[in-house]
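Visitor: I would like to go through this model by question and answer. Please keep the replies short.

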6 protein chains.
Amino acid sequence: MENAAEYAARRETQNELVLSQSDLSMKRFFALDHDVYGEGSLSKKAKELMGLVASTVLRCNDCISHHLIESVQQGASEKEIVEALGIALVVGGSITIPHLRHAMSLLGTIERTDEAPSAE
Amino acid sequence: MENAAEYAARRETQNELVLSQSDLSMKRFFALDHDVYGEGSLSKKAKELMGLVASTVLRCNDCISHHLIESVQQGASEKEIVEALGIALVVGGSITIPHLRHAMSLLGTIERTDEAPSAE
Amino acid sequence: MENAAEYAARRETQNELVLSQSDLSMKRFFALDHDVYGEGSLSKKAKELMGLVASTVLRCNDCISHHLIESVQQGASEKEIVEALGIALVVGGSITIPHLRHAMSLLGTIERTDEAPSAE
Amino acid sequence: MENAAEYAARRETQNELVLSQSDLSMKRFFALDHDVYGEGSLSKKAKELMGLVASTVLRCNDCISHHLIESVQQGASEKEIVEALGIALVVGGSITIPHLRHAMSLLGTIERTDEAPSAE
Amino acid sequence: MENAAEYAARRETQNELVLSQSDLSMKRFFALDHDVYGEGSLSKKAKELMGLVASTVLRCNDCISHHLIESVQQGASEKEIVEALGIALVVGGSITIPHLRHAMSLLGTIERTDEAPSAE
Amino acid sequence: MENAAEYAARRETQNELVLSQSDLSMKRFFALDHDVYGEGSLSKKAKELMGLVASTVLRCNDCISHHLIESVQQGASEKEIVEALGIALVVGGSITIPHLRHAMSLLGTIERTDEAPSAE
């Protein structure tokens, strides 16, 4: 399994490939996908955790990896992450369990940065 | 369309019907479904908003109604709700738009209670 | 909410409408959709209960109504139905709960026929 | 069941409600959702039929209604629509059948306009 | 591709990792996920086959592997498994075909144990 | 990642395995799955692009690979493919982005054959 750094590198390379072949609509979608996780009435951390829950109930490992890394970078504690994943598990059912395995395996490989987390 | 109070009443009646016919496993699931939204490292409000996002990307109007009402009761502002729904829209795509219509139509019918909202 | 007889009547009328406008491929699909629930190594009852589980985790009320009625006609007991729905609930998560409400509400309106149930 | 004109009127009213409460990201998503169906290398008709297929496999009646009406307005014949729905049925399985019933019931209520259809 | 024994070993290791990091709600969910497949009005075999059908229409290879192995351990014959997968294919559509490929490839690698199968 | 030729070879081998173990219903489904993409009122190219859109919103990489290869063989241009994927992205949301990465990565490995594409 990829660790967090390997995932992030592959994601960046592949997104560049997609964008190099995309038209204006696709580029706009990617911009929008970035913007909705920005600081607003809800903190970045709260939004990334929402992205993590959404990704887990929709069962997308690549999306889980991304929002898990971002949640940690924004200062989410392990307890907060486990509570968010617990909501996803109950909402989405046992079919999400393989994705919990993915999330928990990746979690140990994420390095916290010095970037100041958003205060919530 | 049902307003918030009508929805809440129907939900309670129908859940009683389900529980009256259910076995122990089903009852335990319902208890668990209540517990994961309780106060923890994350606030009740943050958890209800996560439930709202999960319900929207999974496109379940009854579930949206429930978590929307609970989010308001826990003190979520309209701006916070719109930001949460915006994340759901981008993650889940245009197929969630009919559910935004449902959420926005219900939102105006929810009465805020005096119950002190959880501070986040 | 429709009772079981009203549902069955609407389903028949609407399926006739679909078939009257369909091409050969669509007609073949409908034939296949009938055949897979026929007696085989697995009994009709077991297959209808599988159809019920699949319909519940995929969250399709019309499909649930159909397989619930058929399960009862094939002799499934209420306990067997509740166990099947319990599996669907755990696999599919709380997002299936509105569909349990639908199933449990319909269940009381299904009349058992004299057709000998398949023995399992 | 709503006919095509009633659906279109409700959709417009409800979309106005959503947009009146939405933030910039949501408005941008709605703009994007309009743009991707515009004339391009693929005709509008081809794109609306793709929207119809996507809506059917994702099992969203409101979305089916919209793309079915637009497909007809862009000149799609009944045979083309049935072939598109046939692909959706095979890809998405019997769980889409209730949505075929919806589509076929609505189809008879759509009035063709004089707007010149796109030639494909 | 993993064979059945390799899958079972990885599943056990990863579940231990999840449980070691999980809170009480998550642990309770895992217990519930075990209990619903226990002997009841429906046999263990019937329940595992239902789990297989649910896993296939929800398109989760890890879940398919688990329920396929359990179904075989509980005495399900190849014919019964093929009939169950056939229902899943018709309900869930061609999008499940890659998962049939997974199931059929794994099936040949499962060793039947001496554990007495439940009689149905 | 597999290139297009490796994918096609694996798909053929695995489909043979499935069919060798399947019953009549399963075989009929596979035949139907072939037939709906045949020339009709809609061209083969239009149908394969619809299959591509459906596969993308349902997030099935193996299915995307198949319909992407077929779309190219039927003469779809890169611009047409990008427009089709753009519709899938907007309908299905950011959760489809990992599948765009898959599609765009595979696209460069598909060799166009001399088979005359269908004119549309």
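Visitor: Which hand does the link of Cys60(B) and Cys63(B) have?
Guide: This is a predicted model. In it, the sulfur atoms of Cys60(B) and Cys63(B) lie 2.1 Å apart and form a disulfide. The torsion about that S-S bond is 65°. The link of Cys60(B) and Cys63(B) is right-handed.

Visitor: Are Cys60(B) and Cys63(B) buried or exposed?
Guide: Buried means under 20% relative accessible area. Cys60(B) has 4%. Cys63(B) has 9%. Cys60(B) is therefore buried, and Cys63(B) is also buried.

Visitor: What is the torsion about the S-S bond of Cys60(A) and Cys63(A)?
Guide: Cys60(A) is joined to Cys63(A) by a disulfide, S to S 2.1 Å. Cys60(A) is buried at 4% relative accessible area, and Cys63(A) is buried at 10%. The disulfide of Cys60(A) and Cys63(A) is right-handed because its torsion is about 60°.

Visitor: What is the torsion about the S-S bond in the link of Cys60(C) and Cys63(C)?
Guide: Cys60(C) and Cys63(C) form a disulfide with sulfur atoms 2.1 Å apart. Both cysteines, Cys60(C) and Cys63(C), are buried. Their link is right-handed, with a torsion about the S-S bond of 65°.

Visitor: How many disulfides does the structure hold over all chains?
Guide: The pairs in chain A, chain B and chain C are among them. The total over all chains is six disulfides.

Visitor: What relation holds between chain A and chain B?
Guide: A turn of 180° lays chain A on chain B with an RMSD of 0.0 Å. The shift along the axis is 0.0 Å. That is the relation of a two-fold axis.

Visitor: Through which surface do the copies meet?
Guide: Chain A gives 24 residues to the contact, and chain B gives 24 residues. Of the interface residues of chain A, 100% are also interface residues in chain B. The copies therefore meet through the same surface.

Visitor: Which three residues supply 26% of the area that chain A buries against chain B?
Guide: Chain A and chain B bury about 2300 Å² between them. Carbon and sulfur atoms account for 76% of it. No other three residues of chain A supply more of its buried area than Met50(A), Ile87(A) and Val90(A).

Visitor: How many residue pairs are in polar contact between chain A and chain B?
Guide: Two salt bridges are found across this interface. For polar contact, both residues must be at pLDDT 80 or more. The count between chain A and chain B is six residue pairs.

Visitor: Which element gives the largest share of the side of chain A that touches chain B?
Guide: On that side of chain A, α2 (24–35), α3 and α5 (78–92) each supply at least two residues. The largest share is eight residues. It comes from α5(A).

Visitor: Which residue forms a salt bridge with Lys47(A)?
Guide: The pair crosses between chains, from helix α3 (residues 44–57) of chain A to helix α5 (residues 78–92) of chain B. Lys47(A) counts as buried at 4% relative accessibility. Its partner is buried too, with a relative accessible area of 13%. With the closest N and O atoms 3.2 Å apart, that partner is Glu83(B).

Visitor: What is the N to O distance in the salt bridge of Lys47(F) and Glu83(D)?
Guide: Both Lys47(F) and Glu83(D) are buried. In this salt bridge, the N to O distance is 3.1 Å.

Visitor: How many residues apart are Arg10(E) and Asp62(E)?
Guide: The side chains of Arg10(E) and Asp62(E) meet in a salt bridge, N to O 3.0 Å. Arg10(E) is in helix α1 (residues 4–21), and Asp62(E) is in helix α4 (residues 61–73) of chain E. The pair links distant parts of the chain, 52 residues apart.

Visitor: Is Arg10(E) buried, partly exposed or exposed?
Guide: Buried means under 20% relative accessible area, and exposed over 50%. Asp62(E), at 18%, counts as buried. Arg10(E) has 26%, so Arg10(E) is partly exposed.

Visitor: How many salt bridges does a search of the whole structure find?
Guide: The pairs Lys47(A) with Glu83(B) and Lys47(F) with Glu83(D) are among them. Over all chains, the search finds 36 salt bridges.

Key. Residues numbered from 1 in each chain as written. Chains lettered and ligands numbered in written order. Predicted model: local features only at pLDDT ≥ 70, side-chain atom pairs only at ≥ 80, totals over all residues. Heavy atoms only, no water. Disulfide = S-S within 2.5 Å. Buried < 20%, exposed > 50% of the residue type's maximum accessible area, 1.4 Å probe, protein only. Least-squares fit on C-alpha atoms with pLDDT ≥ 70 in both. Contact = heavy atoms within 4.5 Å. Salt bridge = Lys/Arg side-chain N within 4 Å of Asp/Glu carboxyl O. Helix = DSSP H or I, 4+ residues; strand = E, 2+ residues; numbered from the N terminus. Buried area = accessible area lost by both parts, 1.4 Å probe. Polar contact = N/O pair within 3.5 Å; in protein donor to acceptor, adjacent residues only side chain to side chain.
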